[in-house]
Amino acid sequence: MTVHSFAGIEIGTKSVDNYYKHMQVDVLERWRNTHVLIIDEISMLNAETFDLLHHLACKINQCNGELFGGIQVITCDDFRQLPPVKGKYVFKSAIWKKYMFNVIELTESFRQENIEFFNALNEIRIGKVFDKTVDLLMTRHNEADHNINSNFIRLFFTNMEVDFYNLRQLMSIPSDERWFHSKDVIKNLKINPLFQIPISINIKIGAVVMLVKNINVEEGLCNGTIGIVTFIETDGVWVNINGKEFKIENVREDILDCTHSIIASRIGLPLQLAFSLTVHKAQGCTLNKTVLNFNSKIFIISLPYVTLSRVKDLNDLYIIHNNKNELRKILKNITSDKDVDFIYKNLNEKKFVTC
């Protein structure tokens, strides 16, 4: 689950005392029963939230002298990937600086096996791109994606671009559409609950969809799983996921208060359209054939590396830009974040444990 859901801190803008006072019973028990906490994609967690988690854990466990009140914390990620949407890098946290000093460097790539592609991506990662790498990536350039298979996932930099593309692709499918509407029961009208299940979704056979909740982790039906709709029934849809058919039906999602009472519920189909995704949604994913739209004006330093490194093989990559020379300039001028450079320089001066 997300670290915010685990901790019971919603979007993390309130005080430690406020969260502790209104904490749900199951969340409190989860904190107290946790001995090791593994936080993945740590680059996207800001310093303020990390400090909040620490102080909240110390209050719950009544232990102020240790990190997270005595819980062992293991974080995983690469700070050259996406930064926090808001706030400072987590490594600028005073708590991080005090406690997070043991580093294990993982050096083997499990996603990219081709050494030429791997080395090119690493140049993009550190912001030192040579002409040979630009030439290599330019072999995957396309001015438009009209002739590229519509089942390939598109990556965009903004939610607006994703929503527009998803709607356009759905409308282009020559089959009957079917709306699935969720049903809400809100017991406390003063709250504005945030559900993972969408309020409604319009689906057609052939639509690319993504699960937004864990359904059956053992079967691979978990949040973020992508498939293609193959059949639509009145009470659900059949989705082809990695060559296997699954029926996805309505599920219930509950919002609880601090007394463990249900204050809001939604019953609905746990799917969203996924012809395209934002790069932020795709971080951590390994995708198959992927189309990358580089026309966007929204561009932060770490976006190119995260975007380009989602695939295993260079031939699975399609880079879209309407101006070939402009794309070459973008690739050549990729830089790195100075704060991240500094933290890695300091880490490299220490002794890594490598594996």
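Which strand does Val229 lie in? Val229 sits in strand 10, which covers residues 226-233. Keep in mind that this is a predicted model.

**Figure 1. A close-up of Val229 and what it touches.** Val229 is part of strand 10. With a relative accessible area of 1%, Val229 counts as buried, because the cut-off for buried is under 20%. So what is Val229 in contact with, once we leave aside its neighbours within four places in sequence? One batch of partners is Ile203, Lys204, Ile205, Gly206, Ala207 and Val209, and the list also includes Val237, Trp238 and Val239. For a sense of distance, look for Ser296 as well: 67 residues along the chain separate Val229 and Ser296, and their C-alpha atoms are 29 Å apart.

**Figure 2. Helix 3 meets helix 4.** Here's a handy way to look at the helix pictures: two packed helices are described by the angle between their axes and the distance between the axes. Helix 3 takes in residues 25-32 and helix 4 takes in residues 47-61. Their axes come within 10 Å and cross at roughly 90 degrees. Angles of 65 to 115 degrees count as roughly perpendicular, so that is the word for helix 3 and helix 4. On the helix 3 side, the contact is made by Leu28, Trp31 and Arg32, while helix 4 brings Leu53, Leu56, Ala57, Ile60 and Asn61. Sort the residues of this contact by class and you get six nonpolar, one polar and one charged.

**Figure 3. Helix 6 packs with helix 7.** Helix 6 spans residues 115-126, and helix 7 spans residues 131-138. At what angle do helix 6 and helix 7 pack? The angle is about 115 degrees, and the axes are 10 Å apart. Helix 6 and helix 7 are therefore roughly perpendicular to each other. Their crossing is left-handed. Glu116, Phe117, Ala120, Glu123 and Ile124 of helix 6 make the contact with Lys132, Thr133, Leu136 and Leu137 of helix 7. That contact splits into five nonpolar residues, one polar and three charged.

**Figure 4. Helix 7 again, now with helix 11.** Helix 11 runs over residues 324-332. The axes of helix 7 and helix 11 come within 10 Å, and the crossing angle is roughly 135 degrees. Are helix 7 and helix 11 perpendicular or oblique to each other? They're oblique, because 135 degrees is outside the 65 to 115 range for roughly perpendicular and isn't over 145, where roughly antiparallel begins. This crossing is right-handed. Helix 7 offers Asp131, Val134, Asp135, Leu137 and Met138, and these meet Lys324, Leu327, Arg328, Leu331 and Lys332 in helix 11. The tally for this contact is five nonpolar, no polar and five charged residues.

**Figure 5. The buried residues of helix 7 and helix 11.** Start with helix 11, where the buried residues are Leu327, Ile330 and Leu331. They cover an arc of only 95 degrees around the axis, so they end up on the same side of helix 11. A rule of thumb helps here: an α-helix has 3.6 residues a turn, so residues three or four places apart point the same way. The buried residues of helix 11 pack against helix 7, strand 4 (141-142) and strand 18 (317-320). In helix 7, the buried residues are Thr133, Val134, Leu136, Leu137 and Met138. What covers them includes helix 6, strand 4, helix 10 (303-308), strand 18 and helix 11.

**Figure 6. Phe68 and Gly65, in the loop between helix 4 and strand 2.** Strand 2 is residues 72-75. Most residues other than glycine have a negative phi, and most peptide bonds are trans. Phe68 is not a glycine, yet its phi is positive, at about 50 degrees. Is Phe68 buried or exposed? Phe68 is buried, with a relative accessible area of 0%. Gly65, in contrast, is exposed, with a relative accessible area of 60%. From Gly65 to Ile201, it's 136 residues in sequence and 49 Å in space, C-alpha to C-alpha.

**Figure 7. Asp77, in the loop between strand 2 and helix 5.** Helix 5 is made of residues 94-99. Asp77 has a positive phi too, near 155 degrees, and Asp77 is a residue other than glycine. With a relative accessible area of 29%, Asp77 is partly exposed.

Conventions. Residues are numbered from 1 along each chain as its sequence is written. This is a predicted model: local features need pLDDT of at least 70, side-chain atom pairs count only at pLDDT 80 or more; totals for chains, interfaces and linings use all residues. Side-chain values use heavy atoms; hydrogens and water are left out. Axes are lines fitted to C-alpha atoms, for helices over the stretch in contact, and angles run from 0 to 180 degrees between N-to-C directions. Helices (H or I, at least four residues) and strands (E, at least two) are DSSP runs, numbered from the N terminus. Angles under 35 degrees count as roughly parallel, over 145 as roughly antiparallel, 65 to 115 as roughly perpendicular and the rest as oblique. A crossing is left-handed if the near helix is turned anticlockwise from the far one by less than a right angle, and right-handed if clockwise. Contact means heavy atoms within 4.5 Å. Ala, Val, Leu, Ile, Met, Phe, Trp, Tyr, Cys and Pro count as nonpolar, Asp, Glu, Lys and Arg as charged, and the others, Gly among them, as polar. Buried means under 20% relative accessible area, exposed over 50%, partly exposed in between (1.4 Å probe, protein chains only). The arc is that of the directions from the helix axis to the C-beta atoms.
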